[in-house]
Amino acid sequence: MSEGVQTSPAFTPRVFSGIQPSGDLHLGNYLGALKRFADAQNQGIQSIYCMVDQHAITVWQDPVKLARATRELAAGFIASGIDPNKSILFNQSQVAEHAQLAWIFNCVARMGWMKRMTQFKDKAGKNAENASLGLFGYPALMAADILIYHATHVPVGEDQKQHIELTRDIAAKFNHDYGIEFFPMTEPVIEGAATRVMSLRDGSKKMSKSDPSDASRINMTDDADTIASKIRKAKTDPDALPSEAEGLKDRPEARNLVNIYAALSDMSVSEVLAENGGQQFSAFKPRLSELAVTKLAPISTEMARLMTQPDEIDAILRHGAAQAREIAAPILQKTYDIVGMVR
Ligand code: TYM
């Protein structure tokens with residue numbers, strides 16, 4: 001985490017983040033989330049990572065596919081460097097405290113707050129009346145995911161910023177309503193060159209699993225040829241790369257490819273441009289492909305290997321859930337005491 005991030009001294013630094021098991025993992029999830037989760041873990045901060053299966057079912061999921069996607073996501077976490085012996089790794093539905101705290105937060109959060117959430121507006125579309133109640137209340141469950149651990153830092157991509165702000169609003173209202181500083185003001189951690197990886201076909205759209213065009217994204221399960229072909233066909237402009245970041249202004253597709261290169265190579269955008277400025281895309285794209293394949297191929301190979309051992313994945317998730325409950329249960333109990341629930 002960056003040194004600039006401040007936390008209330010009353011709370012021990014603790015990282016939490018989650019990913020929905022609702023389809024293929026893509027490069028945006030890797031660079032915006034997974035890679036950075038591994039970095040947080042390796043800095044020695046207690047880290048808790050969750051496959052949010054209860055969030056996934058806010059829109060219809062085929063049960064067989066959901067189970068497979070949960071295991072595949074677990075494999076993606078592990079293959080990206082999350083070590084279940086260092087971090088707590090589990091799926092949300094195994095720790096009932098998330099849903100239990102979410103109910104309390106349903107009673108703290110206001111309808112108007114939920115209505116303003118852009119993710120709800122995007123996902124519900126024009127037919128909001130027909131969206132599930134779960135999709136509407138999604139951010140209250142997300143706040144519970146984070147606050148049931150008193151997590152102080154949440155590494156996420158840019159698209160989740162509004163949800164983390166809402167988490168802070170819920171914590172602040174709870175603390176205010178009950179007159180106690182119980183929940184921390186969690187900090188979103190949105191850092192690095194790839195906090196918003198864009199579609200390879202349209203630099204104004206986020207790379208997303210719901211984009212109908214598979215060519216718009218690099219999936220973590222794509223093989224080397226597919227990755228190379230998608231990068232070769234990625235939309236660009238006719239100009240050469242600039243030598244300074246300023247020159248990427250108003251060039252969204254060029255900026256996206258440079259950001260991806262920077263994030264994959266752990267270089268800054270300035271360093272990438274110092275090395276590649278003046279080059280045409282016909283020269284830069286093969287370099288980017290080679291870098292992407294070198295970084296991603298070992299991950300997809302490891303994911304495929306792990307997927308041959310589903311029982312081991314399940315055992316890891318059960319163990320992680322038990323560890324998570326040890327932290328969550330006393331926080332839920334204290335919340336119930338604060339609210340006045342008799343035990
Ligand atoms: P989800 O499952 O959509 O995405 C998982 C993570 O990947 C990031 N991400 C991206 N980052 C950069 N560029 C992109 N194109 C891109 N697409 C996705 C997301 O920002 C996220 O970090 N609501 C969350 C899941 C969640 C959660 C939580 C997250 C539930 N509870 C508690 C943090 C803490 C979601 O739908 O992420």
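Here are three short exercises, with worked solutions, on the pocket, the ligand and the cavities of this structure.

You're looking at a predicted model, where local features need pLDDT of at least 70, side-chain atom pairs count only at pLDDT 80 or more, and totals for chains, interfaces and linings use all residues. Residues are numbered from 1 along each chain as its sequence is written, and side-chain values use heavy atoms, with hydrogens and water left out.

**Exercise 1.** Find the largest pocket and work out which elements line it.

Step 1: Get the term straight: on a 1 Å grid over the protein atoms alone, a pocket is an open set of points with protein on both sides within 12 Å along at least five of seven lines, and lining residues have an atom within 4 Å of a point.

Step 2: Look up the volume, about 1,300 Å³. Of the 44 lining residues, Gln20, Gln119, Asp159, Gln160 and Lys206 are the closest to the centre.

Step 3: Now the elements: β1, α1, α6 (118-124), α7 and β4 (153-155) each give at least two residues to this lining. The largest share, 5 residues, belongs to α1.

Step 4: Sort the lining by class, and you get 16 nonpolar, 18 polar and 10 charged residues.

**Exercise 2.** Place the ligand and trace its polar contacts (pairs of N or O atoms within 3.5 Å).

Step 1: The ligand sits in the largest pocket, meaning more than half of its atoms lie within 2 Å of the pocket's grid points.

Step 2: Around the ligand are 28 residues, with Gln20, Tyr138, Asp145, Asp159 and Val197 the closest; to count, a residue needs a heavy atom within 4 Å.

Step 3: Check the atoms. An oxygen of the ligand lies 2.4 Å from a side-chain N or O atom of Asp159, and a ligand nitrogen is 2.7 Å from one in Asp145. At Val197, a polar backbone atom is 2.8 Å from a ligand nitrogen.

Step 4: For cover, the protein takes up 97% of the 720 Å² of accessible area that the ligand has on its own (Shrake-Rupley method, 1.4 Å probe).

**Exercise 3.** Describe the largest cavity.

Step 1: A cavity is a set of grid points where a 1.4 Å probe fits but cannot get out. The structure has 3 of 30 Å³ or more.

Step 2: The largest has a volume of about 50 Å³, and its lining includes Gln20, Pro21 and Leu73.

Methods: Points joined across faces, edges and corners; volume = space filled by probe spheres on them. Polar contact = N/O pair within 3.5 Å; in protein donor to acceptor, adjacent residues only side chain to side chain. Helix = DSSP H or I, 4+ residues; strand = E, 2+ residues; numbered from the N terminus. Nonpolar A, V, L, I, M, F, W, Y, C, P; charged D, E, K, R; others polar.
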